[in-house]
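User: I should like to learn how to read the features of a model such as this one. Could we proceed feature by feature?
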Amino acid sequence: MSNAEATGTTHFISDDHLRSLTGDLLGAGTEVIAPVAVDVCASPSAIASSACLRPGVKPVDIEYRVLADATELDLSRGLPVLSLKQYFLPEYEALCGWREHGTEVEIEAVPTEFAPRVVLAAKPCDSAALAVVDKVMNWDYQDELWNGRREATTIVNLACPVIDESCFCTAVGTSPDDTKGADALLSPVEGGYLFEATTDKGRALVDAHAAYFTAEADSNGAEQRGRQAAEERAAARVRVAANLEIDAASVRDWIDTHFEDPLLAALGVRCNGCGACSSVCPTCHCFDIVDEEEGIGKGTRRRCWDTCQAPTFTLHASGHNPRDSQNPRYRQRINHKFSVYPLKFGEVLCTGCGRCTRVCHAGQDLVEILQAIDIAARRPEVAAT
Amino acid sequence: MSDAIDTSGAAANGFEPRITAFVCNWCTYTGADLAGTSRLHMASNVRIIRLPCTGRIDPLFIIKAFERGADGVIVSGCHPADCHYTTGNYHARRRFAVFHDIMEFIGVDPRRMTFSWVSASEGAKWRDVVNEAVTNVRALGPFDAYRALAPEDAGVATPAGPAAEVATPAATAKAEAS
Amino acid sequence: MNELRELARTLLTDGTVRVIIGWEAARRGARPVFVTDPADTDKLIFDTRCVHNLVTYLNPRRDNVAELGKIGLVVKGCDAKAVAGLLREAQLTRDDIVLIGVRCGGVLEEAELPEAVALSSENVAPRCYGCDNREPKLVDHLLGEAQPDPPRPIMTIDERVAALDARPLEERWAFWTEQFSKCVRCYACRQVCPLCVCERCVAEKSRPQWIESSAHPRGNMSWNITRALHLAGRCVDCGECERFCPVGIPLSLVNRKLQQIVAERYDYTVSDDPENPAPIGDYRLDDKQEFIK
């Protein structure tokens with residue numbers, strides 16, 4: 001169910017007008033982040049990629065990028081390689097600078113307010129992830145950098161047709177047409193999109209560019225478009241639900257009470273601890289903090305992405321490491337995402353985007369893992385066979 | 001061998017390269033000392049770091065030097081068969097051959113790296129190695145490219161302001177880097 | 001494949017090994033499998049999707065694998081070279097492991113397919129071309145039928161390296177800085193490499209911090225150069241580092257260049273004979289030194 005139904009006004013915007021809107025935003029100096037189709041073969045990487053040498057269709061990667069031009073906007077609804085996370089929690093970011101003057105230390109603060117910017121055509125799983133991580137970012141410490149970027153950003157989702165059998169958003173409390181974490185939803189219809197704003201920021205976007213939107217309430221063909229959108233979105237939900245159905249609450253509770261169960265304890269045997277899953281995951285948010293000196297007496301304190309799958313993640317200064325093998329580390333990943341975080345914040349720390357499964361070249365499959373845990377939790381007699 | 005230092009190009013843009021030299025204690029360091037006590041004239045751009053043996057030199061030392069703004073490096077030690085620790089320089093020779101070749105493949109100009117065998121009695125040779133290295137690196141210009149790969153300052157975020165604020169290329173580049 | 005399954009069953013049943021590490025078919029393609037029950041040996045497969053270098057599971061840091069007991073490991077020729085590397089460096093005792101070699105005709109470059117497909121010049125992994133170890137020697141058992149040579153890929157890795165070498169220095173610097181700026185420092189390359197076995201990697205040393213840990217291009221450049229250098233003369237070209245890289249850095253180019261360097265300078269190619277010493281750590285009195293004044 002889309003939040004839009006509760007808050008009312010639906011608008012129609014044509015393909016051309018959506019691009020013009022993008023152009024206007026860029027012209028006004030607003031940063032626009034959107035999926036961009038990157039021609040892998042145009043870059044020097046082509047020298048290494050067999051796919052670029054083969055005859056026929058060339059590979060294209062989709063990435064969320066800061067648009068330079070409205071024509072770059074990709075509306076094909078493919079899945080961007082990395083999530084939106086990098087735009088709210090960058091791969092590395094300065095927390096402060098320092099400069100020593102004798103025994104005094106001068107701290108150079110970083111700005112925590114950001115210029116308003118817009119994300120267009122976001123994947124609902126990526127936006128929902130932002131709302132999930134908001135909880136921990138405002139728990140015992142208000143993360144000003146994360147919050148500042150969240151406040152500055154208006155996110156417009158684009159309803160998703162479901163990527164493949166590794167998607168499972170409906171199993172973890174979101175959906176291909178959700179607006180959780182976002183401010184509006186675009187649903188493809190004949191000639192353009194329905195635009196449903198779900199927050200004040202979403203409505204402000206419509207108001208600021210009113211010329212491009214026509215209110216559906218007064219429009220011809222609105223009923224038809226509404227039906228088309230609703231049918232497509234419902235079909236997508238059915239498609240993704242077929243990939244995986246679990247009772248997230250049962251899974252959560254089973255993990256909480258079966259810490260030493262062989263099913264959980266042996267999950268990590270294949271895992272190499274490479275952390276690729278954490279880097280592509282929209283909800284993984286752990287970071288390391290390092291002080292990097294530039295010359296004598298001055299430097300920058302930075303935070304950078306970290307992964308609980310790394311062997312030294314829990315290495316103590318004493319030398320003790322409570323998770324010193326891949327089995328406890330991988331168990332931790334499942335435990336944190338599907339039990340600890342839900343118990344603490346009421347949200348599953350996963351939005352079912354499937355990137356971890358697709359990027360794992362050691363064959364870890366989250367659909368398979370969750371299915372097995374769900375069976376153990378709900379149908380222990382089946383699990384026993 | 002002439003005592004003259006080649007200062008061609010020095011006055012033109014005022015650039016004086018900073019060169020870090022990693023030298024072994026027993027041969028090159030002593031040879032450099034001899035160059036000093038013999039009052040040989042040589043370029044003053046070189047900062048020497050003394051190590052027990054070239055075999056101790058990890059390629060990471062050179063990488064660190066470039067990261068921190070060295071425009072060139074010199075690595076120098078005992079001649080093969082004369083290593084104070086018998087075989088240290090043989091190991092260094094292989095290690096640095098591979099390092100030199102792969103750095104060239106990555107795109108670092110090999111003329112920024114000078115490798116030499118200078119014995120304790122070769123003060124004059126040390127002078128020549130230094131002068132030649134400085135001349136070469138001066139001609140190549142500063143090596144900012146490696147150091148500049150990291151952001152210099154902490155202010156990487158786009159500053160706050162009204163939506164109409166124009167995104168300059170610098171701000172966008174900074175925001176992209178953040 | 002039946003030969004493999006039967007042998008695995010025998011080795012497990014008579015207690016020669018406690019676990020067989022091989023490949024199985026899964027939803028998204030082949031993947032490593034750890035078989036402890038003789039009844040599960042039917043899961044074992046070997047086809048063109050079996051690209052994974054299983055020797056990574058012999059890393060002495062992998063307690064969770066070692067605790068399964070004595071291992072019977074299925075290896076292709078390239079994998080066997082990695083075992084030799086571990087033996088050379090005393091990271092493994094030969095008697096502690098049973099090696100099951102498979103005759104190999106090459107593997108796919110993009111192997112995550114629901115069904116195996118035949119190799120062609122368009123889909124074969126470029127690293128397979130010219131393989132000198134398609135029938136591994138360092139094994140206790142050698143299975144499978146003799147396979148034809150892998151097809152020549154559209155562009156071999158040597159050709160790709162040559163294309164880069166042909167470019168001017170500044171273009172190579174621009175190429176590598178662009179590639180390494182993609183790096184997110186997940187260390188997948190290091191984690192999956194069968195020869196990256198250091199208990200404490202230099203990248204994790206913080207006093208002093210030799211390699212900056214932030215994922216800015218400078219830290220990434222230093223990390224990637226160091227990683228490659230530490231594998232000079234040791235890398236077996238299994239291609240796993242490049243395959244695992246989540247951002248697609250062409251590590252095979254820098255690995256291959258290093259192999260060319262040690263081949264040209266020291267007449268050395270990595271083999272699965274552990275008696276053949278690695279070039280770095282070894283020396284000759286007449287080693288080339290044309291670059292030294």
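User: What does the secondary structure of chain B come to?

Analyst: This is a predicted model. In it, chain B has seven helices and four strands. Along the sequence they follow the pattern α-β-α-β-α-β-α-β-α-α-α. Of the 178 residues of chain B, 47% count as buried. Among contacts in chain B with a separation of 6 or more, 80% are between residues 24 or more positions apart.

User: In what order do the four strands of chain B form their sheet, and is the pairing parallel or antiparallel?

Analyst: Strands of a sheet pair through backbone hydrogen bonds, in either a parallel or an antiparallel manner. In chain B the sheet is open, its order is β2-β1-β3-β4, and the pairing is parallel. β2 (46-51) and β4 (113-117) of chain B stand at the edges with a single partner strand each, so one side of each has no neighbour in the sheet. On average, neighbouring strands of this sheet are turned by 20° against each other, direction ignored.

User: How many bridges join strand β1 of chain B to strand β3 of chain B?

Analyst: Five bridges join β1 (residues 19-24) of chain B to β3 (residues 72-77) of chain B. As an example, B:Val23 has B:Ser76 in β3(B) as its bridge partner.

User: Which strands of chain B does helix α5 of chain B touch as it packs on the sheet?

Analyst: Helix α5 (residues 123-140) of chain B touches β1, β2, β3 and β4 of chain B, and its direction makes about 160° with that of β3(B). α4(B) also packs on the sheet, where it touches β3 and β4 of chain B; the direction of α4(B) makes about 160° with that of β4(B).

User: Turning to a single residue, where is B:Asp71 placed?

Analyst: B:Asp71 lies in the loop between α3 (59-67) and β3 of chain B. The criterion for a buried residue is 20 or more other C-beta atoms within 10 Å. B:Asp71 is buried because it has 24 such atoms within 10 Å. Leaving out residues up to four places away in sequence, B:Asp71 touches B:Pro17, B:Arg18, B:Ile19, B:Arg112, B:Val137, B:Pro142 and B:Phe143. By contrast, the C-alpha atoms of B:Asp71 and B:Trp26 are separated by 26 Å, the two residues being 45 residues apart along the chain.

User: How should one read a helix, and which residues of helix α4 of chain C are buried?

Analyst: An α-helix has 3.6 residues a turn, so residues three or four places apart point the same way. In helix α4 (residues 157-165) of chain C, the buried residues are C:Ile157, C:Arg160, C:Val161 and C:Leu164. Seen down the axis of α4(C), they fall within an arc of 100° and so line one face of the helix. These buried residues pack against α5 (169-181) and α9 (251-266) of chain C.

User: Which residues have the most contacts inside the largest nonpolar core?

Analyst: They are C:Leu73, C:Val75 and C:Val83, in a core of 222 residues. Helix α4 (residues 88-106) of chain B gives the largest share of this core, eight residues. The core also draws at least three residues from each of domain 1 (2-143) and domain 2 (157-266) of chain C.

User: How far apart do the C-alpha centres of these two domains of chain C lie?

Analyst: The C-alpha centres of domain 1 and domain 2 of chain C are 25 Å apart. Across the two, 17 residues of domain 1 of chain C are in contact with 15 residues of domain 2 of chain C.

Note on methods:
Residues numbered from 1 in each chain as written. Chains lettered and ligands numbered in written order. Predicted model: local features only at pLDDT ≥ 70, side-chain atom pairs only at ≥ 80, totals over all residues. Buried ≥ 20, exposed ≤ 12 C-beta atoms within 10 Å, placed from the backbone. Helix = DSSP H or I, 4+ residues; strand = E, 2+ residues; numbered from the N terminus. Arc of directions from axis to C-beta. Contact = placed C-beta atoms within 7 Å. Core = buried A, V, L, I, M, F, W, Y, C linked by C-beta atoms within 7 Å. Domains from an automatic or database assignment. Pairing = 2+ DSSP bridges. Axes fitted to C-alpha atoms, helices over the stretch in contact; angles between N-to-C directions.
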